[in-house]
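Colleague: I'm new to reading structures, so could you walk me through this one? I'll ask, and you explain how you get to each answer.

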Amino acid sequence: MRSLSPRLGNLQALTYLNLSRNLLSSLPPSVFELPLLRVLIVSNNKLCSLPASIHSLTHLRQLDVSCNELQSLPAELGQLECLRDLNLRRNQLSTLPQAPPEHPARQQPAANAACADLLQGQIPHL
């Protein structure tokens, strides 16, 4: 699948969306019109970027964008206060946007230096 129907946005009660293992190069605006979405899995696609409109997914708890072609992430990703699980592995990222000072992740002590680096927008060399 290379594209999605704009009618996807009509599924206003949708909480789980798995679009993994397709040939999507971008996500249509209709994905960001799903007000109750809690889980978005878009791994193993051809995504080069995520739109700033991702901030509209205010209930999102899990985001899996692994195995794509992402080179950067929008700063608006830091506005997802409910986000608890973020999978970024196997992309082409060299930096991450900084989490805003009021983000819950900043309020908890970092478990290790790598976590502290991630909060500062740097990807540690592991």
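Colleague: Leaving out residues up to four places away in sequence, which residues does Ser-30 touch?

Modeller: Keep in mind that this is a predicted model. We skip residues up to four places away in sequence, and what's left for Ser-30 is a short list. Those contacts are Ser-5, Pro-6, Leu-8 and Gly-9.

Colleague: Is Ser-30 buried or exposed?

Modeller: Ser-30 sits in the loop between strand S1 (16-18) and strand S2 (39-41). The cut-off for buried is under 20% relative accessible area. Ser-30 has 4% relative accessibility, so it counts as buried.

Colleague: And how much of the whole chain counts as buried?

Modeller: The chain has 126 residues. The share of them that counts as buried is 38%.

Colleague: In what order do the helices and strands come along the chain?

Modeller: There are 2 helices and 4 strands to place. Start at the N terminus and read along, and you get β-β-β-β-α-α.

Colleague: Which residues have the most contacts inside the largest nonpolar core?

Modeller: In soluble globular proteins, nonpolar side chains tend to be buried together. Here the largest nonpolar core has 27 residues. The ones with the most contacts inside that core are Leu-40, Leu-50 and Leu-63.

Colleague: What is Leu-40 in contact with, leaving aside neighbours within four places in sequence?

Modeller: Leu-40 is one of the residues with the most contacts inside the largest nonpolar core. With those sequence neighbours left aside, its partners are Leu-17, Val-31, Leu-57, Leu-60, Gln-62, Leu-63 and Asp-64.

How values were computed. Residues are numbered from 1 along each chain as its sequence is written. This is a predicted model: local features need pLDDT of at least 70, side-chain atom pairs count only at pLDDT 80 or more; totals for chains, interfaces and linings use all residues. Side-chain values use heavy atoms; hydrogens and water are left out. Buried means under 20% relative accessible area, exposed over 50%, partly exposed in between (1.4 Å probe, protein chains only). Contact means heavy atoms within 4.5 Å. A nonpolar core is a set of buried Ala, Val, Leu, Ile, Met, Phe, Trp, Tyr and Cys residues joined through side-chain atoms within 4.5 Å.
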